[in-house]
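Here are a few short exercises, each with a worked solution. Keep the viewer open and try each task before reading on.

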Amino acid sequence: MNEIGNHGGSSRLETSTVLVFIGEGVQGPPLDGPGALAALLETDVPQSSLASTLALLLGVPIPRNNLGLPLPALLDGYTDRERLSLLQTAAAQIYAVVRANERAAGIVDLRAVARDAARQAGSARCAGLADVGPALQCWYEAALAAHRLAALGSARTSEAQRAYYAFMERASEHLSRAAGNYGLGAMAAGMAAMAAAAGGLALLYQRGCAGLVGAGGRLAVGWPAAALWGSYLLSLSSSSLIEEEHQFWYFWVQTLLVLRAATSARRGDALRVLLQMAAFRAVRAWNQTGQKWAGEPDVRRALSDPRHVRALWALAALTVALVNAWAAHRLRPYRGARWPLVARGLLAYGSACALVYHMDRAQAWAALGTGSLPRPLRWLAPSDPLLLARTIYATVLLQAG
C-alpha cells in the first residue's frame with residue numbers, strides 16, 4: 001500500500017515489500033557496516049520469484065504457470081549437486097510453460113547442440129536461431145548438457161548454473177511479454193459495442209418520453225454533454241483509468257461550471273457558480289489521490305505538520321459548528337424530526353463526542369499543549385474510548401428514529 005492507503009497500483013510502495021528469510025542454511029551479506037542494511041534493502045527482486053523460491057526451499061511443486069527465477073542468494077546453503085538439481089527443477093517447470101505456449105513452433109535437431117552446449121559454440125548457435133520456440137528449446141538443452149558435463153567433472157558447476165539462469169531469464173522475458181500482448185482489436189470491438197448499446201438505450205428512452213430529442217426530431221443534447229460522453233468513452237482505453245478516473249471528473253466538473261457561469265442570465269447566478277468553483281478547487285487540493293500525483297503537496301499533508309496542528313483541529317471544530325448551524329436552520333422541515341429541539345441536541349452532542357474521540361485517538365491534547373481534554377468537555381464525553389464510540393452510534397440511531 002502507498003502512504004495514503006491505496007493499493008493495487010504501480011507505484012514503488014505498492015509493488016515493493018520487504019522480504020526477509022530466516023532459517024538454518026540461509027546465508028546473506030554481513031550487516032556490519034553503517035550503510036549495510038540500507039544497501040541490502042535497495043536490492044530488488046521480482047515478486048514472481050517468491051513462489052518458485054519458496055517451493056524449492058520447502059520441497060513442494062512450483063506453481064504451474066509461475067515464471068519466477070529462484071533467488072541465487074537463498075541457494076548458497078546447498079551443495080553444488082543439490083543446487084543444480086533445484087535449478088533443473090525450476091528450469092523444467094518454465095520449459096513446460098514454453099512448450100504449452102509454443103506448440104506451433106518448428107522442431108530443430110538439437111543433438112549437435114546438446115553435445116557441445118556448455119561451450120561457446122553451442123551458446124552462439126542458440127543465439128543465432130530466429131524462431132523463439134526453437135531458440136528457447138536450444139537454451140534449455142544447452143543448460144541440461146552443461147549440467148551433465150558438470151556432474152561428470154568435465155565442466156565447472158558455475159557454468160551450468162549460468163546456463164540454467166540464461167535459459168530461465170530468456171524464457172521468462174518472452175512469456176511475460178506474450179502474456180501482456182493484449183488483443184487491441186477485441187478491446188476496440190468491445191468499446192464499439194458499448195457505444196452502440198448506449199445509443200440504443202438513448203433511442204429507447206426517447207420513445208418512452210420526451211427524452212433526449214426535441215420536438216423537431218433533432219438531438220437536444222448540447223455539445224458539452226456530447227463531448228463529455230465521447231471523452232469518457234475514449235478514457236476507457238487508458239490503463240490508469242481505475243487509479244486516475246477522478247482527474248477526468250475534476251476537469252469536467254470545472255468545465256461545466258465555467259460554461260454555466262458564462263451562460264448565466266443573471267449576475268447573481270454567475271457569482272454563485274464562481275463561488276462553487278472556488279469551493280470545488282479547495283476540495284480538489286485537500287488530498288492528492290490516485291497514483292501518479294499522490295506525492296504532490298496538498299492541504300492534508302500541510303495540516304499534518306506538527307506546526308499546524310492548531311489550525312487542523314480548529315478546522316475540525318469549525319466543521320462541527322457549521323454542521324450544527326446548518327441543522328438548526330434546516331432540521332425543522334425535515335419530516336423525520338418530530339422534536340426538532342431534541343434532534344438538534346442529539347446532533348450537537350454526537351458530533352462533539354465524535355470530535356473528542358478523534359482528538360483522543362490522535363493524541364491531539366498533548367500536541368495542543370493542554371495535556372488532556374478540558375474538564376468541562378470531559379464531564380460530557382465518556383472517558384472510555386469504547387463507551388465514547390458507542391455513545392456516538394447511539395445518538396445517530398436516535399436521530400434516525
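**Exercise 1.** Decide whether Trp252 is buried or exposed, then do the same for Phe251.

*Solution.* Start with Trp252: its relative accessible area is 8%. Buried means under 20% relative accessible area, exposed over 50%, and partly exposed in between, with a 1.4 Å probe and protein chains only. Trp252 is therefore buried. Next take Phe251, which at 53% relative accessibility counts as exposed.

Before going on, please note that this is a predicted model: local features need pLDDT of at least 70, side-chain atom pairs count only at pLDDT 80 or more, and totals for chains, interfaces and linings use all residues. Residues are numbered from 1 along each chain as its sequence is written, and side-chain values use heavy atoms, leaving out hydrogens and water.

**Exercise 2.** Classify the ring pair of Tyr95 and Tyr140, and find which helices hold the two residues.

*Solution.* A pair of aromatic rings is described by the distance of the centres and the angle of the planes. Rings of Phe, Tyr and Trp (its six-membered ring) pair if their centres lie within 6.5 Å; planes under 30 degrees apart count as stacked, over 60 as edge-to-face and the rest as tilted. By this rule there are eight aromatic pairs. For Tyr95 and Tyr140, the centres are 4.2 Å apart and the planes at 10 degrees, so this pair is stacked. Now place the residues: Tyr95 belongs to helix H4 (residues 80-101) and Tyr140 to helix H7 (residues 132-151), so the pair ties together parts that are 45 residues apart in sequence. Helices here are DSSP runs (H or I, at least four residues), numbered from the N terminus. Tyr95 is buried at 14% relative accessibility, and Tyr140 is buried at 9%. Finally, ring pairs link Tyr95, Tyr140 and Phe167 into a cluster.

**Exercise 3.** Return to Phe251 and Trp252 and classify their ring pair.

*Solution.* The ring centres of Phe251 and Trp252 are 5.8 Å apart, and the planes meet at 80 degrees. The pair is therefore edge-to-face.

**Exercise 4.** Find which residue lies over the face of Trp139.

*Solution.* Apply the test for a charge over a ring: NZ of Lys or CZ of Arg within 6 Å of the ring centre and within 35 degrees of the ring normal. Arg170 lies over the face of Trp139, at 3.9 Å from the ring centre.

**Exercise 5.** Count the helices and strands, and give the buried share of the chain.

*Solution.* The chain has 18 helices and zero strands (strands being E runs of at least two residues). Of its 401 residues, 29% are buried.
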